[in-house]
Amino acid sequence: MLQIKKRVMCIISAVSLCASAFPYTALANDYFVINTIAGEGGSVSPKYSTEVPYGESLTVTMTPDFNYEVSDVIIDGKSVGDVDSYTFQFITSDHTLKAEFEKTKKYTSSNSSGSSTTQQTPTVTTPTVDSNKIFHIITSTTGRGKIDPAGNASVNGGGSVTFNIVPETGYEISEVYIDDVYVGKISSYTFSNVAKDHTLSARFVKSSGDGSSSSSSGSSSGSSSQSMSIPEFSFNVDNVENPYTDITSSDSYYRSALNLYKNDVLLGTLQNQFSPSEPLTRDVAARAFWRMERIVSAKFSNPYSDVSESNAYRDMISWSYHMGIISPASEGVFNPSGSITREQLCQMIYNYAVYKGIASGGTLNTNLNFSDADQISSDCRSGVVYCTVNKIIGSTGTLNPKGVVSRGEAAQILNNAMIFTRQAAGEPA
């Protein structure tokens, strides 16, 4: 049975819009979500999502990394400046805080004539850390492997500690995060001159040769010229009856299409037609993420001139805009029937992960093994990296980043994204 979500977590600038869309009187026994996001170069505490009882307060602290400083703090889409902490007072609704950091700036001063400027590089000294102060390195793992030493390691101020990241036999390191920043598939990491608490997390996945299973059905290739393999997460569709006459069990996307049908995420173009070779359109993608979130009904203001109030996808499209998941095609225009490229779908999945609080929202970068990795657009690279390291897509061969995604291929990618995101968020898959 579909579960109706009681409240939709409002990201970025959507809080005030939600308030106008849902006239609602807060009650004393209500809880509200404060969602915090840290950009590259620092951290926030508390991080991710914190539930706070009605009427109470919550202080969020921003901590830059060494040689970084707070550049801006954004509350519900509005800047409050480069503050080190922010307190939400008498909380009666959901809120979002995003902290942005930048490298420590050079100082600029004008000469007496005012005709030119000179730059002075500030003297950078390593801060003295009280050696009697104890800091903690908290480690966590997902999958079959370990971090040694494990758990909560204590380090004296200014000290160092090295961690080894060891997969079990038959498994490999998928990704490692230091303070929620992706650092690659490293097998060890040393914290030096420790001056604050840190986190280290690692994810292990089963070794599979090239890390993927082949997706080579000719009927699914559409216009995307599929040569990139797509892994398959574990799921069961044995009891799902195939409602479509144009796909069979021999198709690579077959099980994924049935699982998305079972979850009401991606349906056919007609009652008995899946149309695997047709392109995935932007309006259908908006509905897919909406149903991944198990939303049944929610109303947001419509920012698009080409999406009518009577459009069947109107609420899904508006939601995807306010949650920062699908970007406009151009200013004020959504282009509902427009097709989606592979790199765009990856970026949407990453944006959805940020909305869910399982990704930091910062820029992700690592070496990609695709033969055409240099063709990935800069504004979609983080999405491709995220989907690759989490095995939502394969990691070798030709990506064809600007190739249009067919519905068959999209079924595999969206199904992996749904399963991974729900598991990472601690939700039933």
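Helix α3 (residues 282–292) and helix α5 (residues 342–356) pack with their axes coming within 12 Å and crossing at roughly 30°. This is a predicted model, so please read every value below as computed from predicted coordinates. Alongside the helix pair, a search of the whole structure turns up 13 salt bridges, and several of them are described here.

**How α3 and α5 pack**

- Two packed helices are described by the angle between their axes and the distance between those axes.
- With a crossing angle of roughly 30°, and angles under 35 degrees counting as roughly parallel, α3 and α5 are therefore roughly parallel to each other.
- The crossing of α3 and α5 is right-handed.
- On the α3 side, the contact is made by R282, A285, F289 and M292, while α5 contributes M348, I349 and Y352.
- Sorted by class, the residues in this contact are six nonpolar, no polar and one charged.

**A salt bridge between α3 and the loop before it**

- D264 and R291 form a salt bridge, with their closest N and O atoms 3.0 Å apart.
- D264 sits in the loop between α2 (254–262) and α3, and R291 belongs to helix α3, so the pair ties together parts that are 27 residues apart in sequence.
- R291 has a relative accessibility of 4% and therefore counts as buried, the cut-off for buried being under 20%.

**A salt bridge between α5 and a distant loop**

- E343 pairs with K402 in a salt bridge whose closest N and O atoms are 3.7 Å apart.
- This pair links distant parts of the chain: E343 is in helix α5 and K402 is in the loop between α6 (381–389) and α7 (407–424), 59 residues apart.
- The two partners differ in exposure: E343 is buried, with a relative accessible area of 5%, whereas K402 counts as partly exposed at 48% relative accessibility.

**A salt bridge between sequence neighbours**

- R314 forms a salt bridge with D315, and their closest N and O atoms are 3.1 Å apart.
- R314 counts as buried, because its relative accessibility is 6% and the buried class covers values under 20%.

**A salt-bridge network**

- E293, R294, K356 and E427 are joined in a network of salt bridges.
- One of these residues, K356, is also the last residue of the α5 range, 342–356.

Technical notes
Residues are numbered from 1 along each chain as its sequence is written. This is a predicted model: local features need pLDDT of at least 70, side-chain atom pairs count only at pLDDT 80 or more; totals for chains, interfaces and linings use all residues. Side-chain values use heavy atoms; hydrogens and water are left out. Axes are lines fitted to C-alpha atoms, for helices over the stretch in contact, and angles run from 0 to 180 degrees between N-to-C directions. Helices (H or I, at least four residues) and strands (E, at least two) are DSSP runs, numbered from the N terminus. Angles under 35 degrees count as roughly parallel, over 145 as roughly antiparallel, 65 to 115 as roughly perpendicular and the rest as oblique. A crossing is left-handed if the near helix is turned anticlockwise from the far one by less than a right angle, and right-handed if clockwise. Contact means heavy atoms within 4.5 Å. Ala, Val, Leu, Ile, Met, Phe, Trp, Tyr, Cys and Pro count as nonpolar, Asp, Glu, Lys and Arg as charged, and the others, Gly among them, as polar. A salt bridge is a side-chain nitrogen of Lys or Arg within 4 Å of a carboxyl oxygen of Asp or Glu. Buried means under 20% relative accessible area, exposed over 50%, partly exposed in between (1.4 Å probe, protein chains only).
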